[in-house]
Amino acid sequence: MARKENRVNLGKGKQKELIAATANKFGSVKNLSKELRIPYSTAKGYFNEVVFLPESIFNKLIEVNNFKKENFCFKVIPSNWGQLIGGR
């Protein structure tokens with residue numbers, strides 16, 4: 001089972017910019033996915049803003065680009081955000 005981790009909402013377009021800036025350092029989104037040790041389809045989902053970034057991935061992207069967290073406007077969302085109550 002996947003571990004539960006808070007997500008980071010950067011706002012529309014900002015997550016894609018962060019992923020693109022990092023992917024340029026590694027050559028492509030595919031190479032970035034290998035570096036982060038995540039599946040390529042997951043990296044594409046982050047790039048296309050289908051899902052929010054987990055905090056750990058966000059921190060790695062910030063570190064790789066030598067950005068400061070204070071320069072980003074983001075919200076931390078709980079891991080169960082958007083889930084529906086089952087059995088009803």
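A cavity, as I use the word today, is a set of grid points inside the protein where a 1.4 Å probe fits but cannot get out. Please keep in mind throughout that what you see above is a predicted model.

With that word in hand, let me begin with the empty space itself. When the whole structure is searched, one cavity of 30 Å³ or more turns up, and the largest cavity has a volume of about 40 Å³. Which residues line the largest cavity? They are Ile19, Val29, Leu32, Leu36, Ile38, Ala43, Tyr46 and Ile57, and the elements that give two or more residues to this lining are H2 and H3. H2 gives the most, with three residues. If we sort the lining by character, we count eight nonpolar residues, no polar ones and no charged ones.

Since helix H2 gives the most to that lining, let us look at H2, which covers residues 29-36. Its buried residues are Val29, Leu32, Ser33 and Leu36, and because they cover an arc of only 100° around the axis, they sit on the same side of H2. It helps here to recall that an α-helix has 3.6 residues a turn, so residues three or four places apart point the same way. The buried residues of H2 pack against H1, H3 and H4. After H2 comes Arg37, which has a positive phi, near 60°.

Now to the nonpolar core. The largest one has 16 residues, and those with the most contacts inside it are Leu53, Ile57, Phe58 and Leu61. H1, H2, H3 (40-47) and H4 (55-65) each supply at least two residues of this core, while its largest share, four residues, comes from H4. In general, nonpolar side chains tend to be buried together in soluble globular proteins. Ile57, which we met in the cavity lining, touches Leu36, Ile38 and Tyr46, if we do not count residues up to four places away in sequence.

Finally, I would like to turn to a residue of H1, namely Thr22, which lies in that helix at residues 14-26. Is Thr22 buried or exposed? Its relative accessible area is 0%, and since buried means under 20%, Thr22 is therefore buried. Leaving aside neighbours within four places in sequence, Thr22 is in contact with Leu32, Leu61, Val64 and Asn65. Of these contacts, Leu32 is one of the buried residues of H2, and Leu61 is among the residues with the most contacts inside the largest nonpolar core.

Technical notes:
Residues numbered from 1 in each chain as written. Predicted model: local features only at pLDDT ≥ 70, side-chain atom pairs only at ≥ 80, totals over all residues. Heavy atoms only, no water. Buried < 20%, exposed > 50% of the residue type's maximum accessible area, 1.4 Å probe, protein only. Contact = heavy atoms within 4.5 Å. Core = buried A, V, L, I, M, F, W, Y, C linked by side-chain atoms within 4.5 Å. Arc of directions from axis to C-beta. 1 Å grid on protein atoms, 1.4 Å probe; cavity = no way out; pocket = protein on both sides within 12 Å on 5 of 7 lines; lining within 4 Å. Points joined across faces, edges and corners; volume = space filled by probe spheres on them. Nonpolar A, V, L, I, M, F, W, Y, C, P; charged D, E, K, R; others polar.
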